[in-house]
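Reader: Could you take me through one part of this structure slowly, namely the aromatic rings and how they pair with one another?

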Amino acid sequence: MKIPRFSNAIGNLDEDLVEAAAERKKKQNHLLKLGSIAACFAVIIVVGALVLPSLLGGEPTPGGTNDRYKDINIMAGESGIVWPWEYQTVFEKYTEVTIDGIVYRSHGRLVSEELLGDLIGTYTVLGIDEIEGDRYTEKFEVYQLKYADKSQLVAVRMEGSCYTFKRDNYEPPHTLGELFKLVDLPKAIELKRFSVNGDSPNKKHYTLSNDDYVWEVLAGCENAPFVEDEKWVAHDREYYSFTITSETLGVYKVAMYVTVDGYLWTNAFDYQYLFNIGEDAASKIIKYAKENSTEAEYEPYQNTIVGKITEITDEYILLDDSILCANPDDGITYKILLNDLRISRYAESGAIRVGENVQITYEGEIDESNTIDSAISASDVVISGGDVLIPE
């Protein structure tokens, strides 16, 4: 059996950490993708029992209370695995397609059928086995996306599902208006959640009632110039941070900043996109956000649980979180179904074993029987002195 090897994986970070990582990369090629910069510096620090349950489960754990956990720190340095070819999903295997001389790459994000436009044709999609170095090709249908120009984004249908593929080379628009022409931003992106001066759990978070006015103001900034400034960072400015999830763009919980001193920044296009929209436009957006929002709970990047594996079968994993509890008798045993290759491969390959402490990441909800049917990854953790660590 081939053994998976470990590598850094991209994660969602607090903006200050992304900027710190970018600061270290300044002297390197400024075209380096932001996701890759973030990968090496993925650290999440959470303090306090009141925050811990939302990090571990997104909502209070079924059958438990918000104060059953110890008052501990959780430090999770994200780690990923380069899986052997036979353990990869189709969207992990095939990631590059060339159409009319333009190279597109995928990040494995699903796109809904209703967002598909016309069929462009059937094209050869390339996959590379990173462990063995072998190259594979497969033909798949490629579609236009309704709210994006074909020169920027397309959708590829693989095994019944469609995935967003993005133009891979760095060709930023000259103005914000040019970006609006390439992507119908108000339809491709819905602005709902935002925070002030960062997105960490100790910041204040809000839900926007409606984003129409924000896009109206930005559409009026069509002449706002693209700013090529590799030294630009937001942490020394006052700014509002909007969370962006978009199937069309193939992104999940990335960021868009509007700064008080008149800048619009986003990593929704992989590379840093920075525009000078002016203080007047920025003040209108910020004023509107203040007056048309309600305070909201912190929302973690992904839902996770941490505990000790007590059983592994062909169908599920049992995970006991007693080690995190102030009173071990308050521990809960979760059943994690192995119904998805992204989680079953951890058990099948021996990457996780009975008796080990692990973190499980999942996308859906925990049902009343403490069963998780949407797990997607696992990481070994080391619990020491009240801290939970995920080794790199």
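Author: In this predicted model, the count of aromatic pairs comes to 20. One of them joins Trp-85 and Tyr-136, whose ring centres lie 4.2 Å apart with planes at 15 degrees, and because planes under 30 degrees apart count as stacked, this pair is stacked. The two partners come from distant parts of the chain, 51 residues apart, since Trp-85 belongs to the loop between β4 (80-82) and α4 (90-93), whereas Tyr-136 belongs to strand β8 (residues 135-145). Their surroundings can be described as well: Trp-85 is buried, with a relative accessible area of 10%, while Tyr-136, at 28% relative accessibility, counts as partly exposed.

Another pair is formed by Phe-194 and Phe-242, with ring centres 5.3 Å apart and planes at 40 degrees, so this pair is tilted. Here too the pair links distant parts of the chain, with Phe-194 in strand β11 (residues 193-196) and Phe-242 in strand β13 (residues 239-246), 48 residues apart. Phe-194 counts as buried at 3% relative accessibility, and Phe-242 is buried too, with a relative accessible area of 1%.

Returning to Trp-85 and Tyr-136, we find that ring pairs link these two residues with Tyr-94 and Phe-140 into a cluster. A ring can also have a charge as its neighbour: the charged end of Lys-335 sits over the ring of Tyr-316, 4.7 Å from the centre of that ring.

Methods
Residues are numbered from 1 along each chain as its sequence is written. This is a predicted model: local features need pLDDT of at least 70, side-chain atom pairs count only at pLDDT 80 or more; totals for chains, interfaces and linings use all residues. Side-chain values use heavy atoms; hydrogens and water are left out. Rings of Phe, Tyr and Trp (its six-membered ring) pair if their centres lie within 6.5 Å; planes under 30 degrees apart count as stacked, over 60 as edge-to-face and the rest as tilted. Helices (H or I, at least four residues) and strands (E, at least two) are DSSP runs, numbered from the N terminus. Buried means under 20% relative accessible area, exposed over 50%, partly exposed in between (1.4 Å probe, protein chains only). A charge sits over a ring if NZ of Lys or CZ of Arg is within 6 Å of the ring centre and within 35 degrees of the ring normal.
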